[in-house]
Amino acid sequence: MIDETGTRFIVLTFKEPNADPVIVTFTVPIFQNYVRHLATVSKAAADESNWVVSK
């Protein structure tokens, strides 16, 4: 989506059963940083050593 100033936005819609949809908008740079963050978190979640509880 592009607004009247020419700013570009990513628009995501989330819908859960029996709930109203939620619309979330990001500017392109924020969305790119968000995607990079999700990739980092995903990689860390796949690493078994991150799931060990320290005593």
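Helices (H or I, at least four residues) and strands (E, at least two) are DSSP runs, numbered from the N terminus. The model is predicted: local features need pLDDT of at least 70, side-chain atom pairs count only at pLDDT 80 or more, and totals for chains, interfaces and linings use all residues. Residues are numbered from 1 along each chain as its sequence is written, and side-chain values use heavy atoms, with hydrogens and water left out.

**Exercise 1. Describe the fold pattern and the overall spread of the chain.**

Solution.
Step 1. Count the elements: the chain has 1 helix and 2 strands.
Step 2. Put them in sequence order, which gives the pattern β-β-α.
Step 3. Compare the radius of gyration (taken over C-alpha atoms) with the globule rule (2.2 Å times the number of residues to the power 0.38). The chain has a radius of gyration of 17 Å, well over the 10 Å that the rule gives for 55 residues, so the chain is more spread out than a compact globule.
Step 4. Add the box: along the principal axes, the C-alpha atoms fill roughly 55 × 30 × 15 Å.

**Exercise 2. State how much of the chain is buried and what its exposed area consists of.**

Solution.
Step 1. Fix the classes: buried is under 20% relative accessible area, exposed is over 50%, and partly exposed is in between (1.4 Å probe, protein chains only).
Step 2. Of the 55 residues in the chain, 2% are buried.
Step 3. Accessible areas come from the Shrake-Rupley method with a 1.4 Å probe, and for residues only the protein chains shown count as cover. The chain exposes about 5100 Å², of which carbon and sulfur atoms supply 60%.
Step 4. Turn to contacts, meaning heavy atoms within 4.5 Å. Among those between residues at least 6 apart in sequence, 0% join residues at least 24 apart.

**Exercise 3. Locate Asn18 and describe its backbone and its accessibility.**

Solution.
Step 1. Asn18 belongs to the loop between β1 and β2.
Step 2. Its phi is near 60 degrees, a positive value in a residue other than glycine.
Step 3. With a relative accessible area of 84%, Asn18 is exposed.

**Exercise 4. Trace the surroundings of Ile10, Val11 and Thr25 on the two strands.**

Solution.
Step 1. Place the residues. Ile10 is in strand β1, as is Val11, and this strand covers residues 9–14. Thr25 sits in strand β2, residues 22–27.
Step 2. Read the accessibility. Ile10 is partly exposed at 26%, Val11 at 38% and Thr25 at 44%.
Step 3. List the contacts, leaving aside neighbours within four places in sequence. Thr25 touches Ile10 and Val11. Ile10 is in contact with Val24, Thr25, Phe26, Val28 and Phe31.
Step 4. Check a C-alpha distance: Thr25 and Thr13, 12 residues apart along the chain, are separated by 8.8 Å.
Step 5. Find the surface patch. Patches are made of residues with over 30% relative accessible area and no salt bridge; like charges are joined within 9 Å, and nonpolar side chains (Val, Leu, Ile, Met, Phe, Trp, Tyr) within 5 Å. A salt bridge is a side-chain nitrogen of Lys or Arg within 4 Å of a carboxyl oxygen of Asp or Glu. Met1, Val11 and Ile23 make a nonpolar patch of about 320 Å².

**Exercise 5. Identify the aromatic pairs, classify their geometry and place Phe31.**

Solution.
Step 1. Set the criteria. Rings of Phe, Tyr and Trp (its six-membered ring) pair if their centres lie within 6.5 Å; planes under 30 degrees apart count as stacked, over 60 as edge-to-face and the rest as tilted.
Step 2. The structure holds 2 aromatic pairs. In one, Phe26 and Phe31 are tilted, at 5.6 Å centre to centre and 55 degrees between the planes. In the other, Phe26 and Tyr34 are stacked, at 5.3 Å and 20 degrees.
Step 3. Join the pairs: Phe26, Phe31 and Tyr34 form one aromatic cluster.
Step 4. Assign accessibility. Phe26 is buried at 15%, whereas Phe31 is partly exposed at 22% and Tyr34 is partly exposed at 33%.
Step 5. Place Phe31: this residue lies in helix α1, residues 28–46. Beyond four places in sequence, Phe31 contacts Ile10, Leu12 and Phe26.
Step 6. Compare two C-alpha distances. Phe31 and Ile10, 21 residues apart along the chain, are separated by 7.1 Å. Phe31 and Thr13, 18 residues apart, are separated by 14 Å.
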